[in-house]
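Hi everyone, thanks for making the time today. I'd like to walk you through a model, one piece at a time, and please stop me whenever you like.

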Amino acid sequence: MKDPLSSCTYNLLYQDLKRISKNGEFFCKELLAVFQQRSELEINYSKGLQKIAGKLLKVSKEMCDNSTYRAWSFISDEMYASADAHRILGNALNQDAIQELRQILDEHAKRKRPLDNAVEKSGKLVLTNWSEQIKLKKKLIGLTREHEALFSFVEKNKQICTEKEKQKMLNRLTKSAELQTRVDEEYFNTNIEGHHIRLKLENTLKTCYQIVQELEKQRIETLSNTLDKYSLFMTVYAQTVIHSHKQIEQAVRKVDVEKDIQSLVEDIGTTADDNKAEFLMTDYFEEEGKTVMGKDRRKDAIRTKLQRLEDCIRKTKNDREG
């Protein structure tokens, strides 16, 4: 059976617009998912960057008396600023762009659902009426064919028939005509009803088309506003990064490597006297003058120890020369 909706101009326009709207809805859903992931990445990156910035700041403070090390504390400040910028960007995406996209998706879904239902309901009425018209048309054609055949038979045979047979055929002809008239009236009324249903469908399609068109205009405006907001977010982020970079450049210019090295040398430098190491010398029992040991025996013992010490010194000198 031919689809009566295929020739309806407003239906064709509405279906084309629905395809465009469906593509726009798909784009918004994908964009929403991208922004959600971007927001989570920015916030998580901010937390990680803030953590390592704290570590760098802690070790930098321990070495803050040196301009080179002091410059690294500015790097930690830059990390904190960058972490804050990423956190702000992530929250801004979540609060503004994501919320607005989710809101328009939900709003459009709610508004388009009854439109599709109305179009579907009107379309079913048109199809039902169309099918009913076809059935009545076939029935009417069959009855008309039978009636005309009966009428032709009566006309040909009324001269040779008895009055009783003639009356009988006229009764059949009358009933056939009445049935034909009734079905013809039903077919006509169904056809008129079909025109009203089709007009109602076209009005419904026209109204729904206009509403969906306005929704798509709103979607485009929202996407444009989201682009403006995203551009603003990135501008603020870039300004924060540029400001931090300028601070780093100033800190780097203040670094005096020669001075830091000289300070290091001065801090760890030593004099010749400082280089003299203190040793623990041997201290024997025989060296004590108040011992009970005899003088001669004490001398012999000390002489033996001195000789051993001299032998050790001589051996060390020979090893050095060798």
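**Salt bridges and other contacts**

Let me start with a small group of charged residues: E25, K29 and K112 are linked in a network of salt bridges. Before going on, please keep in mind that this is a predicted model. The mean pLDDT of the chain is 84, and 90% of its residues reach 70 or more. Where is the confidence highest, and where is it lowest? It is highest in helix 1, residues 9-61, at a mean of 90, and lowest in helix 4, at 71. I'll come back to helix 4 at the end.

Now, back to the charges. How many salt bridges does a search of the whole structure find? The search finds 13. I've picked three pairs to talk about.

The first pair on my list is D116 and K18, whose side chains meet in a salt bridge with an N to O distance of 3.6 Å. D116 sits in helix 2, residues 67-157, and K18 sits in helix 1, so this pair ties together parts that are 98 residues apart in sequence. Are these two buried or exposed? D116 is partly exposed, with a relative accessible area of 29%. K18 is partly exposed too, with a value of 31%.

Next come E120 and K124, and their side chains also form a salt bridge, at 3.6 Å from N to O. Here both residues lie in helix 2, and they are 4 residues apart, which is about one turn of the helix. E120 has 46% relative accessibility and counts as partly exposed.

My last pair takes us to helix 3, residues 163-253. The side chains of E202 and R198 meet in a salt bridge there, at 3.7 Å from N to O. How far apart are E202 and R198 along helix 3? They are 4 residues apart, so about one helical turn separates them. E202 is partly exposed at a relative accessible area of 24%, and R198, at 23%, also counts as partly exposed.

Let's leave the charges and look at two other residues, Q50 and S76. Q50 is found in helix 1. At 44% relative accessibility, Q50 counts as partly exposed. Leaving aside residues up to four places away in sequence, Q50 touches Y80 and A83. If you want a distance to check on your own screen, the C-alpha atoms of Q50 and S82 are separated by 8.5 Å, and these two residues are 32 apart along the chain.

S76 is found in helix 2. Is S76 buried or exposed? It is buried, with a relative accessible area of 0%. Which residues does S76 touch, again not counting those up to four places away in sequence? The answer is A53, L56 and L57.

Finally, as promised, helix 4, which covers residues 257-268. I261 is found in this helix, and it is partly exposed, with a relative accessible area of 43%. Together with V257 and V265, I261 makes a nonpolar surface patch of about 240 Å². Do remember, when you look at that patch, that helix 4 is where confidence in the chain is lowest, at a mean of 71.

That's my tour. Thanks for listening, and I'm happy to go back to any of these residues with you.

Methods:
Residues are numbered from 1 along each chain as its sequence is written. This is a predicted model: local features need pLDDT of at least 70, side-chain atom pairs count only at pLDDT 80 or more; totals for chains, interfaces and linings use all residues. Side-chain values use heavy atoms; hydrogens and water are left out. Patches are made of residues with over 30% relative accessible area and no salt bridge: like charges are joined within 9 Å, nonpolar side chains (Val, Leu, Ile, Met, Phe, Trp, Tyr) within 5 Å. Accessible areas come from the Shrake-Rupley method with a 1.4 Å probe; for residues, only the protein chains shown count as cover. A salt bridge is a side-chain nitrogen of Lys or Arg within 4 Å of a carboxyl oxygen of Asp or Glu. Buried means under 20% relative accessible area, exposed over 50%, partly exposed in between (1.4 Å probe, protein chains only). pLDDT is the predictor's confidence in each residue, from 0 to 100. Contact means heavy atoms within 4.5 Å.
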